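Subject: Structure handover and findings

Dear colleague,

Please find below the structure that I am passing on to you. I would be grateful if you kept it open while reading the notes that come after it.

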Amino acid sequence: MIRHIVFFTAASSSNLEPILDGLALLTNIPHPRRLEVAQNRRSDRASKEVDVVVYGEFDTDAELAAYKAHPLYQEAIKRVRPLRELRFAADYEIARARTSMTSAGSL
């Protein structure tokens, strides 16, 4: 499985809702196993740059490619690109990730 994570920074605070609305189009694309669009809570004091996060899970590279080729993906880009300042994306295979075996409560 592949995780696809994208971070966005709004060019202006007034662009935040339109960015969220534009990215919400992505949730209607059928290829991801899971897709979330959310506003950053900004709970990390050392990093305040990220405004919006897109998180997706895909079973295969072909599904991720189909997601990026979908017309709604293209529409989301068209709406969001003029409103954002920064965009950072990362994709990785879960099977190759280094993971912790501790429970979330023991951190």
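The notes below begin with the overall fold and then turn to the sheet, some individual residues and the largest pocket.

**Overall fold**

Please bear in mind throughout that this is a predicted model. The protein contains 3 helices and 4 strands. Read from the N terminus, its elements follow the order β-α-β-β-α-α-β. The C-alpha trace spans about 40 × 35 × 20 Å along its principal axes. Of the 107 residues, 30% count as buried. Among the contacts with a separation of 6 or more, 73% are between residues 24 or more positions apart.

**The sheet**

In what order do the strands of the open sheet stand? The 4 strands are arranged as 2-3-1-4, and their pairing is antiparallel. Strand 2 (34–39) and strand 4 (84–93) are found at the edges; each has a single partner strand, so one side of each is left without a neighbour in the sheet. From one strand to the next, the twist averages 10°. As general background, the strands of a sheet pair through backbone hydrogen bonds, which may link them in a parallel or an antiparallel way.

The pairings can be followed across the sheet in turn:

- Strand 2 is joined to strand 3 (residues 52–58) by 6 bridges, and the two run antiparallel. Within this pairing, V37 has V54 as its bridge partner, and R34 stands opposite E57.
- Strand 3 is joined to strand 1 by 7 bridges, again in the antiparallel sense. Here I2 stands opposite F58 of strand 3.
- Strand 1 and strand 4 pair over 9 bridges, also antiparallel. In this pairing F7 stands opposite F88 of strand 4.

How many residues of strand 3 are buried? The number is 6 of 7, so strand 3 is largely enclosed by the rest of the structure. Strand 1 can be described in similar terms: 7 of its 9 residues are buried, so it too is largely enclosed.

Helix 1 (residues 16–24) lies across strand 1 (2–10), strand 2, strand 3 and strand 4. Helix 1 runs at about 175° to strand 2.

**Three residues to look at**

The first residue to consider is T9, which lies in strand 1. Is T9 buried or exposed? Its relative accessible area is 12%; residues under 20% count as buried, so T9 is buried. Leaving aside residues up to four places away in sequence, T9 touches E49, V50, D51, R84, E85 and L86.

The second is E36, which is found in strand 2. E36 has a relative accessibility of 31% and therefore counts as partly exposed. Not counting residues up to four places away in sequence, E36 touches V53, V54 and Y55. E36 and V54 are 18 residues apart in sequence, and their C-alpha atoms are 5.7 Å apart in space.

The third is R42, which lies in the loop between strand 2 and strand 3. Its phi is near 55°, a positive value in a residue other than glycine. R42 is partly exposed, with a relative accessible area of 30%.

**The largest pocket**

Empty space in a structure can be found by rolling a probe the size of a water molecule over the atoms. The largest pocket in this model has a volume of about 190 Å³. Of the 14 residues that line the largest pocket, F8, L23, Y73, I77 and R87 are the closest to its centre.

Which element supplies the largest share of the lining of the largest pocket? Helix 3 does, with 4 residues. At least two residues of the lining come from each of strand 1, helix 3 (71–80) and strand 4. By type, the lining divides into 10 nonpolar, 1 polar and 3 charged residues.

**In brief**

The main points to take from the model are the open antiparallel sheet in the order 2-3-1-4, the largely enclosed strand 3 and strand 1, and the largest pocket, with a lining of 10 nonpolar, 1 polar and 3 charged residues.

Yours sincerely,

A colleague

Terms used. Residues numbered from 1 in each chain as written. Predicted model: local features only at pLDDT ≥ 70, side-chain atom pairs only at ≥ 80, totals over all residues. Heavy atoms only, no water. Pairing = 2+ DSSP bridges. Axes fitted to C-alpha atoms, helices over the stretch in contact; angles between N-to-C directions. Contact = heavy atoms within 4.5 Å. 1 Å grid on protein atoms, 1.4 Å probe; cavity = no way out; pocket = protein on both sides within 12 Å on 5 of 7 lines; lining within 4 Å. Points joined across faces, edges and corners; volume = space filled by probe spheres on them. Nonpolar A, V, L, I, M, F, W, Y, C, P; charged D, E, K, R; others polar. Buried < 20%, exposed > 50% of the residue type's maximum accessible area, 1.4 Å probe, protein only.
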